[in-house]
Amino acid sequence: MRETPPPGGRTVQRLRRADDVLDLQAAGRRGGTPAVLRLLAARTRAGVLLLHPSGTDACPPPAPVNAAERALARSAVREAVTRGTGSAAVGQAALTCLVVTLPGRPGTRLPVLAAVAPRPAPPDLPVLLADAATVLSLTWDAERGRQQAHRAQLADTGTREAVLQLLMAGQIAVARRLARTLRSALPDTVRMYAVEGPAAARRDAADWAATTAAWVGREPGGARRTLVLEPATSTRPLAAWLHHPAVADTCHVGISDAVPLRDTALAHHQALRALTAARRHPERRAAHAQLGDLAPALGPAGAAWAAATLAPLHTHRPARPQDPDGPALLATATAWLHHPTDAAARLGIHRNTLAARLTHLHHRLGTDPHRLADRAALSLALRLRTDGQSICVGGTGLDELLAQPQVIDWASSRLHPLHAPDAPPALADTLARWLRHDARIGPTAQELALSPSAVRKRLGRIETLLNCALLRPPTAVHDLWLAHRALELAGRP
């Protein structure tokens, strides 16, 4: 039996090249461009760089490259670019540099692969660089494609969040125009979901909701919440993604009523209030309860009072270009009342700017930011406000509004759990004193001769009975002050 003769020199070279190409392709699949550069540097023991035609790094070098090697590589790149050739070789002192432009579509400025090695350069270095350039062109295109897709996704997400913010700020016409840039139309009737939970579960909910023509965005500021705005009709059921295990088992969800698009801010308010109830619900989700709304009980008289109360802001014209205008002051008031701890982050301004705006706001309205009564009145006016086109001056005051029979009925229903036979009498008294002290725990504890932690525990029990939040935004403290004031005016406990 004849023995197979050993392969000749050319055959060995072809086999070695084939192995190198397979190794380069495997490295590209595993780790992309950086992995290919690392393998090439280890295989050639040369200084390997991937440079833009301008000479800057297109990818960090796999190993440190000294100044002389980098200068020679840039010189070789300039030589190749100037001559319009796909490759070049430049020598200097004891170093030689080979450069190869990555293959690609004509007219595109592709990176250049450079290898700097001591003289004489290894004989297989040019072939190895050419093979590596082919693999790098594939990994480079794939990575650029992923980056572009990621940028497009970020742009789409940012635009959708901007649409949500505009809707919640009452800028309906601007929001519709912006939505049309995404080739999407805003529905006339909407329902909002406030999703609170782990980031991964909220991302899953956002992905599923996005398939149903929903508008998804993060809650402004630092809150770990995602907002989902979906079309809503009388026959449309709640979102199917609510029942997915990733959401149902790990997230709390507050659901608003179906409201007209112009009332998106109201839907946001309802969803956050429902989220407070969802934190205590065994199913981890809750819909908005109509019982908690004061606005419907006030009717046209409430809208007229709100217009008169906010007239100084609607008519405000800043004296300097850098001063806040009326809409900016209204947005500041809304963010500060509902989320006092992170209002600056929600508005995208510095906390000193927020303080200056609040000073200007209360100066225009003649209110005291430390008085709960003034904050509750401003909160109610913002909820009842119209577009400001018809502004009323004078007319009904807040006490006259709260003394109406339907408002007293609302207040009685709102505070009824505290006056039930099985409710501890101390809870109603604690709430009344806490509201009288502008929702401050220290003075309340001092008057009751209790520790601050004992007052907090009582307020926690009140939260459970009234199914609302008092110590964690968004709180119901403004509504509770209004309810307590209405019963006070009616002479009821």
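# Pockets, sheet and helices

User: By class, how many nonpolar, polar and charged residues does the lining of the largest pocket have?

Analyst: The model is a predicted one. The lining of its largest pocket mixes three classes. The lining has seven charged residues and 15 polar ones. The nonpolar residues number 19.

User: What is the volume of the largest pocket?

Analyst: The largest pocket is lined by 41 residues. Nearest its centre lie Met168, Ala169, Gly170, Ala265 and Arg385. Its volume is about 1500 Å³.

User: Which helix gives the most to the lining of the largest pocket?

Analyst: Six elements each supply at least two residues of this lining: α3, α7, α9, α10, α11 and α13. The top contributor gives eight residues. That helix is α10.

User: Which residues lie nearest the centre of the second largest pocket?

Analyst: This pocket holds about 560 Å³ of space. Its lining has 18 residues. Nearest the centre are Thr157, Arg203, Ala206, Asp207 and Val216.

User: Which elements give two or more residues to the lining of the second largest pocket?

Analyst: The lining divides into six nonpolar, four polar and eight charged residues. Two helices and two strands meet the mark of two or more residues. They are α3, α5, β7 and β8.

User: How many cavities of 30 Å³ or more does a search of the whole structure find, and what is the volume of the largest?

Analyst: The search finds two cavities. The lining of the largest includes His269, Arg273 and Leu337. Both α7 and α10 supply at least two residues of that lining. The largest cavity has a volume of about 40 Å³.

User: How many charged residues does the lining of the second largest cavity have?

Analyst: This cavity has a volume of about 30 Å³. Its lining includes Leu242, Val247, Glu283, Arg284 and Arg285. The lining has five nonpolar residues and no polar ones. The charged residues number three.

User: Which strands are the edge strands of the five-stranded open sheet?

Analyst: The strand order is β2-β1-β5-β4-β3, with antiparallel pairing. An edge strand pairs on one side only. The two that do so are β2 and β3.

User: In β2, which residue is the bridge partner of Leu51?

Analyst: Strand β1 covers residues 47-51. Two bridges join β1 to β2, and the two strands run antiparallel. The partner of Leu51 in β2 is Asp57.

User: At what angle does α3 run to β5?

Analyst: Helix α3 lies across four strands: β1, β2, β4 and β5. To β5, the helix runs at about 150 degrees.

User: How do α16 and α18 pack: roughly parallel or roughly perpendicular?

Analyst: The two helices pack with their axes 10 Å apart. The angle is about 105 degrees. Angles of 65 to 115 degrees count as roughly perpendicular. So α16 is, relative to α18, roughly perpendicular.

User: Which residues of α16 make the contact with α18?

Analyst: By class, the contact has eight nonpolar, one polar and two charged residues. From α18 come Arg458, Leu459, Arg461, Ile462, Leu465 and Leu466. From α16 come Ala426, Leu427, Thr430, Leu431 and Trp434.

How values were computed
Residues numbered from 1 in each chain as written. Predicted model: local features only at pLDDT ≥ 70, side-chain atom pairs only at ≥ 80, totals over all residues. Heavy atoms only, no water. Axes fitted to C-alpha atoms, helices over the stretch in contact; angles between N-to-C directions. Parallel < 35°, antiparallel > 145°, perpendicular 65-115°, else oblique. Contact = heavy atoms within 4.5 Å. Nonpolar A, V, L, I, M, F, W, Y, C, P; charged D, E, K, R; others polar. 1 Å grid on protein atoms, 1.4 Å probe; cavity = no way out; pocket = protein on both sides within 12 Å on 5 of 7 lines; lining within 4 Å. Points joined across faces, edges and corners; volume = space filled by probe spheres on them. Pairing = 2+ DSSP bridges.
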